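Colleague: Could you walk me through how to read a chain–chain interface?

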Amino acid sequence: MSGFKNVAVVACAQTELRTAWSSAQHVDLISSTVSNLLKGSGVRLPDVDFVIDSGSDVLDGRSISNCGFLGAMGAHHKEESRVEEDGLWAAVYGATKIAAGAAEIGLIIAYSKPSESDPSLFYSSQVEPFYQRPVGFDHLAASGIQAQQYLLQGGGREADFAKVTARAWKRASANPLVQVEAILSEDEIAASAHVAPPLRGAMMSRPLDGCVAILLASRNVADRISPRPAWITGMGSAMDNHAFAVRKPGRLEACEAAAKAAYRRSGIDPAKASLAEVSGSSAAGELMVLEALGLSRRGQGFEAYEGATAINLSGGALPADPIMATGLVRLAEAYRQLSQPADHGLSSPDTAIVHATGGVGMQTHCVVTLGV
Amino acid sequence: MLQAPDSYPIDRPPLKSTLSMPYTLTPGRAAGVFLAETKNRRLVGSRCGSSGLVCVPAQDFCPSSGGADMELVAAPHTGAITGFTQTRAGIIATIRIDGADFDFVHRIVGAEFAALKVGMRVEAVWAQTPTQSIMDIEGFRPAPDAPVGTIEPLGEAAEPLPMKPYHMDLHYEHAFGPFYGRMFDEIGTNRRLMGVRSTHIDGALLPPREVDDISYTKTGTWVTVPDTGTVRAMSVIHLEFKGQKEPPPYIYAEIQLDGAVTRLIHSIKGIDMSRASELVKPGTRVRAVWSDARTGSLSDISHFQPIPDDVEPTST
Amino acid sequence: MSRHVGIVGVGQTHHSRRRTDVSQAGLVREAVDRALADAKLTIDEIDSIVVATGPVLFGAVNMPEKWVIDACGGRMKPVVRITSGGGTGLAGALAAYYQIAGGQHERVLVVAYDKLSEGALQYSISTLYDPFWGREFAVGIMGFSAAYWRARMDILGHTEEAAAMVSVKNHTNALKNPYAHVKKAITVDDVMKSRPLAWPIKLLDVPPISDGAAAIVLSSEKMAAKSTDRPAWILGIGYFCEADNAAARSMLVSEPLALAARRIYRAAGITNPRRQFDVVEVQEPYTCFELSYYESLGLCAPGEAAALIASGATQIDGDIPVNPSGGCMGANPIGAAGLVRLIEAAAQVMGKAGEHQIPNAKLALAQSGGGWANLRGVAVVSA
């Protein structure tokens with residue numbers, strides 16, 4: 001295995017992802033996740049050198065919201081930083097800290113409770129306030145236009161959107177960590193109302209409440225914590241223009257750039273990866289991500305599901321999008337699949353591609369590759 | 001076994017909270033001129049000196065080269081649809097204004113969604129009453145025969161709009177969770193202040209929580225603490241600001257209730273405010289004055305007031 | 001393992017009470033242009049960008065890095081935003097430091113800003129408080145800052161007069177700082193007689209509300225020479241926290257700051273900060289904090305801060321000058337303030353601090369922090 005192999009994922013814990021954790025507040029979800037993480041790992045909190053967390057002030061309804069959650073996170077008197085982006089970026093930050101030799105064990109936490117507010121405001125408030133926001137341009141509009149342009153320019157097929165969605169929900173229903181009340185059939189999805197044509201309601205990712213935490217460890221200690229550490233072999237991220245209308249239509253250039261950086265570092269050929277956990281904010285978005293990651297040909301995103309790489313065995317982000325935690329959940333899922341392959345119907349997986357996205361119309365992307 | 005978050009059924013409705021934030025936003029030169037010129041029904045774009053590329057609406061920085069040498073130009077009111085969708089906000093489209101190198105996001109008006117096609121020619125529809133907003137263009141309507149316009153020099157232009165009022169309302173419904181839920185139930189129903197035992201030092205943590213911040217082990221049993229305590233820190237508030245609950249002057253205090261190892265934030269009243277800084281100081285003993293309301297929140301305590309000649313209990 | 005990281009370019013805006021000529025994005029661009037010019041680089045030579053701002057409610061744009069990126073010319077680069085209240089600028093530099101030290105990137109641009117004139121400062125920052133527990137009593141960060149000062153006053157002797165001396169010193173120093181916008185010579189008497197806002201905090205204990213941005217370029221050792229033959233090397237940088245409502249939380253000493261200082265001094269070989277540092281830059285949201293920092297940073301023993309300021313040692317010509325730039329009293333664009341402190345410390349050891357240059361400064365300390373006075377960082381830079 002190539003790549004830098006200095007840092008590994010050695011443990012993860014997660015709450016169930018639910019439409020609403022109305023019985024718990026943020027600190028309850030966080031402290032319970034972190035406690036469960038430590039309990040299973042053999043690591044004591046004093047052994048943890050730093051905490052990096054992801055959450056959003058706008059979603060939380062508090063300014064500097066990490067400030068009030070430090071005790072629950074186990075961060076008291078530790079080095080702590082808040083990355084106000086999906087938790088996969090927090091994991092990347094943590095990995096650089098361990099790679100620099102400054103720490104042995106890092107705790108990465110991400111959470112969201114979109115049920116406490118209107119998550120559409122979380123996105124529309126990201127839009128620049130002079131030209132785009134007053135027009136009503138938001139995440140939904142961006143996703144709809146993006147899907148249309150994908151069909152026109154990228155060569156994708158509209159019928160695939162319902163197929164992708166149905167597949168994701170079916171997978172999620174088998175995932176004990178995702179609350180699924182009813183599985184939608186492909187026909188039901190294809191018949192559901194448009195929210196941003198060509199996208200229909202079920203084709204947008206579903207915001208859920210939840211918290212996830214992972215432990216990262218250095219080469220010196222990883223093997224002592226996990227029987228099967230998942231080494232971080234490559235990391236890359238890239239952001240596209242804010243102005244949606246100037247982005248290249250029909251493809252995700254920033255995702256391509258992030259993947260290229262991660263693959264260059266790890267030396268992996270994406271076509272040979274054992275598994276991938278990716279975050280699409282819509283059915284079209286998931287297909288575009290698969291193409292940008294090199295898991296299928298351009299315009300043929302759906303063929304990725306039929307290839308050698310196991311794609312989103314967890315169900316991915318469409319049925320379960322805990323906004324700031326979605327990408328870190330992907331990392332946790334990939335770790336579980338690599339470390340307990342039999343539970344996921346895998347034989348001997350050795351490489352994983354993990355992807356996260358953020359912003360209106362998936363403006364920014366992060367790719368991490370893992371190897372065991 | 002950790003109990004939260006699924007331990008106690010909480011039937012308290014969530015805490016409603018609204019953040020209602022006023023702003024005055026500065027658009028900067030390009031957007032500022034654009035917004036100032038809509039009253040003249042001029043569509044302002046910008047051309048980058050280094051890349052030669054034209055943006056409509058005008059940007060201060062070239063989306064391609066990042067260049068800042070932007071010349072403002074007058075753009076035609078016509079263009080073609082490059083992409084579109086329909087949301088609750090209406091039909092939203094990307095439009096390539098004639099002569100521009102980048103698209104413009106706006107609404108399509110005066111057309112059925114089903115009739116739209118990429119490539120369709122459109123023209124701007126101006127609002128009757130300008131408001132120095134992008135919505136001074138109501139949207140773009142189909143104009144199949146509109147001639148192709150060209151980018152022209154802007155010539156004399158209005159001064160950029162220096163600032164624009166804006167308002168953002170964010171609404172929340174915060175779940176109480178089992179620990180805060182029980183504490184506020186006890187306050188509302190039984191007029192009783194309860195915390196949980198710290199597993200770091202001897203005493204009660206308020207608000208209660210599942211895990212002690214310092215020992216990071218599960219906290220202990222619930223304990224009732226009296227509604228008396230000691231001021232640990234205080235300030236006399238004279239500042240007035242938006243969102244303030246009561247008119248100044250008043251005393252902001254951090255009070256350690258007897259038996260607690262954390263501080264509670266509240267106000268202190270019932271004193272001569274002209275001598276506030278003498279009468280209330282770290283060490284001053286205070287007691288809660290309960291209000292008649294039973295809302296199950298900290299406001300069920302109207303305020304705290306000093307207890308003359310009282311002495312802090314020795315054991316905390 | 002860890003690679004050396006240096007600051008090779010710095011830039012900041014001329015801070016002001018209100019900039020109506022630029023948007024938030026335009027403000028950011030000014031600082032970026034200055035930092036890149038100082039580092040003799042173009043944006044194309046930057047591998048990654050870290051954006052740091054204060055709470056997003058200050059500015060009406062959520063995740064504003066995704067907006068200002070267009071103004072940075074940072075398309076297709078890795079961009080991440082770090083937030084940590086008032087200390088976010090230093091927290092951003094810390095993240096960038098590890099991107100280089102950990103071998104991920106060679107050159108990283110850090111940009112920090114706030115355009116405070118655009119929002120309602122006290123109201124928006126009051127949302128720091130727990131909505132269930134105390135928010136209705138919040139007075140921004142001023143309420144608890146004043147209250148904690150009151151707690152230190154009797155026990156540690158941090159008197160109103162001592163804080164007034166800090167105000168006078170920093171206001172005087174700001175007169176020499178071209179980027180400061182409060183240029184006012186004041187006396188201790190002026191401070192003492194100024195209007196109480198949250199007593200003991202009075203008007204002249206409080207820094208201005210500012211629009212401003214700051215940027216730095218961090219570089220690996222390998223790539224630094226292109227920019228300068230005299231980088232400011234980062235000998236140590238760290239950012240620690242404490243739980244805001246933990247059992248028996250101290251108001252007398254900033255434990256996370258003392259912890260950060262202890263760790264970073266060890267990394268940087270500092271055993272006697274008062275003697276070893278040539279200059280110190282601290283982020284004082286109110287004058288009372290500077291007194292407290294003297295003690296937590298080990299510039300004097302607990303209880304001796306008032307004597308230290310009175311002795312003149314922390315004046316610009318003293319033996320341990322603190323805030324020769326004027327600190328936050330000259331300008332306080334909150335999200336940028338922590339990075340401005342690091343820039344000022346770096347400029348001192350790079351020998352380009354201009355009129356407020358401390359002669360032959362070789363080793364400098366920068367301090368920053370935010371939140372509920374529970375997020376605290378330090379950095380040590382050397383020539």
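Modeller: Sure, start with contacts, meaning heavy atoms within 4.5 Å. Here 57 residues of chain A touch 57 residues of chain C. Mind that this is a predicted model, where local features need pLDDT of at least 70 and side-chain atom pairs count only at pLDDT 80 or more, while totals for chains, interfaces and linings use all residues. Residues are numbered from 1 along each chain as its sequence is written, chains are lettered from A in the order in which they are written, and side-chain values use heavy atoms, with hydrogens and water left out.

Colleague: How much area do chain A and chain C bury between them?

Modeller: Buried area is the accessible area (1.4 Å probe) that two parts lose on being put together, summed over both. For chains A and C that comes to about 4,700 Å², with 56% of it on carbon and sulfur atoms. On chain A's side, A:His77, A:Glu84 and A:Met239 supply 15% of the area buried against chain C, more than any other three residues.

Colleague: And how many salt bridges are there between chain A and chain C?

Modeller: The rule is a side-chain nitrogen of Lys or Arg within 4 Å of a carboxyl oxygen of Asp or Glu. Five turn up between these chains. One of them joins A:Asp240 to C:Arg75, with the closest N and O atoms 3.6 Å apart.

Colleague: In which sense do β3(A) and β3 of chain C pair?

Modeller: Strands are DSSP runs (E, at least two residues), numbered from the N terminus, and two of them pair if DSSP finds at least two bridges between them. β3(A) and β3 (residues 79–83) of chain C run antiparallel over two bridges, and A:Arg82 stands opposite C:Thr83.

Technical notes:
Helices (H or I, at least four residues) and strands (E, at least two) are DSSP runs, numbered from the N terminus.
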